[in-house]
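Work through the exercises below with the sequence and the model open. Each task is followed by a solution in steps.

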Amino acid sequence: TGTYGGFMVFAGTWGISYLVHVYEIQVAQASLFMVIAYLGYMVGCPAVGFLSDRYQTRRLPAIILTSLSCLVWFTLIAWPGGPVPLALFYLLSPLLGFTTAVNVLSFPMARSVSPPGFTGIVTSVVNIGVFLGMAVLQPLFGYFLDLGWQGMLVEGARVYPLSAYQLGFLSCLVFALVALVASIRFREKPVPKSQ
């Protein structure tokens, strides 16, 4: 669930502002990248489920996709010489969405290590974790933006520089890294053929 909060921070809240302020593009063009990100997520969810069932593993796809999610955040933070080239967002946006789809594996992963008869409780706890990630990251991202704000206002609204967004992206990277460590440490039981 450490990837979903960052995805929602970007695709659901701050991504358009980031693209408009940093790249000085129109809102309509910036919105296109968010649509592409959601399409990546929509394709990723069934694809991740299919692949994990086909290869009878939840852990390996979780490690691979969470690693790729970390790579996307790291790219946004550490691209040399300024912001990532705008054309690269045609790859980064769907990749961020696709890798976020790894969160669908958290439900069967948690179920596989829980005692029989606790499926409902386990599912609700995982679901809380997904929403908790969003609930924590949204204000944390805003806090980092305010830390990096340099006083620029447009029609009374704050305009944040690239460095402020990079601070915010760092919080998303930390959450994704926690998810990666959890995926690596997950002790997988054999996936039943009936799933």
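The exercises concern a predicted model and go from the core to helix packing, cysteines, backbone angles and distances.

**Exercise 1. The core**

Task: Find which residues have the most contacts inside the largest nonpolar core, and which helix gives the most to this core.

Solution. Start with the set itself: the largest nonpolar core has 49 residues. Inside this core, the residues with the most contacts are Y18, L19, W73, L76, F89 and F169. Next, assign the core to helices. At least two core residues come from each of α1 (4-23), α2 (27-54), α3 (59-78), α4 (89-100), α6 and α7 (162-185). The helix that gives the most is α1, with 10 residues.

Then take W73 as a case. Setting aside neighbours within four places in sequence, the contacts of W73 are G6, F7, F10, L96, F169, C172, L173 and A176. One of these, F169, is itself among the residues with the most contacts in the core.

**Exercise 2. Packing of α2 against α4**

Task: Describe how α2 and α4 cross, and classify the residues of their contact as nonpolar, polar or charged.

Solution. Two quantities are needed, since a pair of packed helices is described by the angle and the distance between the axes. For α2 and α4, the axes come within 6 Å and the crossing angle is roughly 40 degrees. The crossing is right-handed.

Now list the contact. On the α2 side it is made by L32, F33, I36, A37, G40, Y41, V43, G44 and A47; on the α4 side by F89, Y90, S93, P94, G97, F98 and T100. Classifying the residues of this contact gives 11 nonpolar, 5 polar and no charged.

**Exercise 3. T100**

Task: Is T100 buried or exposed, and which residues beyond its sequence neighbours does T100 contact?

Solution. T100 belongs to helix α4. Its relative accessibility is 0%, so T100 counts as buried; the cut-off for buried is under 20%. Leaving out neighbours within four places in sequence, T100 touches T3, Y4, F7 and Y41. Of these partners, Y41 is also listed on the α2 side of the contact between α2 and α4.

**Exercise 4. Cysteines**

Task: How many disulfides does the model contain, and why is C45 not in a bond with C70?

Solution. The criterion is a pair of cysteine sulfur atoms within 2.5 Å. For C45, the closest cysteine sulfur is that of C70, at 18 Å, which is too far for a bond. C70 is likewise in no disulfide, its nearest cysteine sulfur being that of C172, 11 Å away. The count is 0 disulfides. As for its surroundings, C70 is buried, at a relative accessible area of 8%.

**Exercise 5. Positive phi**

Task: For Q56 and E155, state what phi is, where each residue lies, and how accessible each one is.

Solution. The background is that most residues other than glycine have a negative phi. Q56 is not a glycine, yet its phi is positive, about 55 degrees. Q56 sits in the loop between α2 and α3 and is partly exposed, with a relative accessible area of 26%.

E155 also is a residue other than glycine with a positive phi, near 50 degrees. E155 is in the loop between β1 (153-154) and β2 (157-158). At 84% relative accessibility, E155 is exposed.

**Exercise 6. Separation in sequence and in space**

Task: For V126, V181, L147 and F131, set the separation along the chain beside the C-alpha distance to M109, I63, S106 and R187 respectively.

Solution. Take the pairs in turn.

- V126 is in helix α6 (residues 119-148) and is buried at 12% relative accessibility. V126 and M109 are 17 residues apart in sequence, with 9.8 Å between their C-alpha atoms.
- V181 is in helix α7 and is partly exposed, at 48%. V181 and I63 are 118 residues apart in sequence, and their C-alpha atoms are 8.5 Å apart.
- L147 is in helix α6 and is exposed, at 51%. From L147 to S106 there are 41 residues along the chain and 33 Å between C-alpha atoms.
- F131 is in helix α6 and is partly exposed, at 48%. F131 and R187 are 56 residues apart along the chain, with a C-alpha separation of 24 Å.

How values were computed. Residues numbered from 1 in each chain as written. Predicted model: local features only at pLDDT ≥ 70, side-chain atom pairs only at ≥ 80, totals over all residues. Heavy atoms only, no water. Helix = DSSP H or I, 4+ residues; strand = E, 2+ residues; numbered from the N terminus. Buried < 20%, exposed > 50% of the residue type's maximum accessible area, 1.4 Å probe, protein only. Core = buried A, V, L, I, M, F, W, Y, C linked by side-chain atoms within 4.5 Å. Contact = heavy atoms within 4.5 Å. Axes fitted to C-alpha atoms, helices over the stretch in contact; angles between N-to-C directions. Left-handed = near helix turned anticlockwise from the far one by under 90°. Nonpolar A, V, L, I, M, F, W, Y, C, P; charged D, E, K, R; others polar.
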